[in-house]
Amino acid sequence: MSDRATAVAHPNIALVKYWGKRDDELIIPRTDSLSMTLDIFPTVTTVTRDPAARADTVVLNGAAAPDDMARRVSRFLDLVRGLAGGGGHAYVDTRNTVPTGAGLASSASGMAALAVAAARAYGLDLDERALSRLARRGSGSASRSIFGRFAVWHAGDGSDAGSYAEPVPGVTLDPALVVAMVDTGVKAVSSREAMRRTVATSPLYDAWVQSSAADLAEMQVALARGDLAAVGEIAERNALGMHATMLAARPAVRYISAGSLALLDRVAQLRQDGTPAYATMDAGPNVKVLCDPADAEGVAGVLRAAAPGIRVAIAHCGPGARLVNEDAS
Ligand code: PMV
């Protein structure tokens, strides 16, 4: 058995969002969610078991990882060690090409890559569903990055076994997602804390749970039909609804900034001018715009002109998490 494995995973952006946990410890969501895995901003993670080490070591982009991240990785490895019946500490080297902690899904790619690499390094033989459940324990959205293209994550029956992601079959739609990085600083409130606060205090939360179920059903029909306009409309209203529940939390969780609003205005204007483009936002001020690949460069140009100096990247559907460069030692 090799004690070292490297995996690559890409971020995913939810078109029907996950916002709120039913079980904080197991990371079981209140609602199903559906996402598109991207082909940009991969995370590459190598896990090397070192039974002689007295603690795990976590390196992010060549430097010691911040304490909170190192603790999170170590807690995740405890889960893997529990499943493997031991195996000792590990050296984890992770390279992220996306700004960490800025609402750009770095936790999804990061935890998916870690799950795949750690499972192999500790000798676990897990199928994709089991890997999805394992990645979920690191970060909920990571359950979806195990799969490429479009994935749906089931809330299930509240049990660990019942909550996993799987591919959405039969989707031929190949949209572009233009990512506008309004602000890449680390967010003030973590998604974990923001979710907890929203579920506990937002008077809009129950309505969100109900409308989200309807959005998911309609999204699946729209995807099966290959109807970009319907997919985009559902994604945009779902994202704005999620942000509305947060704004109603006490105290409010406000990720939408003035910069985000300016871009949301531009996206609405694009539509009025005849370009099908639809916005979505996650736990941060960045705006992602779903559009036809043929329009992506034009949309990116409009967003750059609206907010000079910001970074804008164009993504398409990307692959699921996978092992790379396995050492056979
Ligand atoms: O998995 P987390 O804890 O990073 O939460 C992600 C939540 C959103 O990105 C806002 C929505 C989603 O479904 O990815």
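Me: Which strand order does the open sheet of four strands with strand 12 in it have?
Reply: In this predicted model, the order of that open sheet is 13-14-12-15, and the pairing is antiparallel.

Me: Which strands stand at the edges there?
Reply: Strand 13 (277-280) and strand 15 (311-315) do. Each has a single partner strand, so one side of each is left without a neighbour in the sheet.

Me: How are neighbouring strands turned against each other in this sheet?
Reply: On average they are turned by 25°, with direction ignored.

Me: And how many bridges join strand 12 to strand 14?
Reply: Strand 12 (residues 176-181) and strand 14 (residues 287-291) run antiparallel and are joined by five bridges. Within this pair, Val178 stands opposite Val289 of strand 14.

Me: What holds paired strands of a sheet together in general?
Reply: Strands of a sheet pair through backbone hydrogen bonds, in either a parallel or an antiparallel manner.

Me: Which strands does helix 7 lie across?
Reply: Helix 7 (residues 228-247) lies across strand 13 and strand 14. The helix runs at about 30° to strand 13.

Me: Next topic: what is the order of the open sheet that contains strand 5?
Reply: Its four strands are in the order 2-5-10-11, with antiparallel pairing. The edge strands are strand 2 (12-16) and strand 11 (165-167), each of which pairs on one side only. Neighbouring strands of this sheet are turned by 30° against each other on average, direction ignored.

Me: How many bridges are there between strand 10 and strand 11?
Reply: Strand 10 (residues 150-153) pairs with strand 11 over three bridges, in the antiparallel sense. One residue to look at is Val152, whose bridge partner in strand 11 is Glu166.

Me: Where does Thr31 lie?
Reply: Thr31 is in the loop between strand 4 (28-29) and strand 5 (33-37).

Me: Is Thr31 buried or exposed?
Reply: Thr31 counts as buried, because its relative accessibility is 6% and the cut-off for buried is under 20%.

Me: Which residues is Thr31 in contact with?
Reply: Leaving aside neighbours within four places in sequence, Thr31 is in contact with Lys17, Ala155, Val209 and Ser212.

Me: Now the ligand: how many residues surround it?
Reply: The ligand is surrounded by 14 residues, and the closest are Tyr18, Ser107, Ser139, Ser141 and Arg144.

Me: How far is a ligand oxygen from the side chain of Ser141?
Reply: An oxygen atom of the ligand is 2.7 Å from an N or O atom in the Ser141 side chain. For the side chain of Arg144, the distance from a ligand oxygen to an N or O atom is 2.7 Å. For the side chain of Asp282, it is 3.4 Å.

Me: What share of the ligand's area does the protein bury?
Reply: The ligand taken alone exposes 380 Å², and the protein buries 91% of that.

Key: Residues are numbered from 1 along each chain as its sequence is written. This is a predicted model: local features need pLDDT of at least 70, side-chain atom pairs count only at pLDDT 80 or more; totals for chains, interfaces and linings use all residues. Side-chain values use heavy atoms; hydrogens and water are left out. Two strands pair if DSSP finds at least two bridges between them. Helices (H or I, at least four residues) and strands (E, at least two) are DSSP runs, numbered from the N terminus. Axes are lines fitted to C-alpha atoms, for helices over the stretch in contact, and angles run from 0 to 180 degrees between N-to-C directions. Contact means heavy atoms within 4.5 Å. Buried means under 20% relative accessible area, exposed over 50%, partly exposed in between (1.4 Å probe, protein chains only). A residue is near a molecule or strand if one of its heavy atoms lies within 4 Å of it. A polar contact is a pair of N or O atoms within 3.5 Å; within protein, one must be able to donate a hydrogen and the other to accept it, and residues adjacent in sequence count only if both atoms are side-chain atoms. Accessible areas come from the Shrake-Rupley method with a 1.4 Å probe; for residues, only the protein chains shown count as cover.
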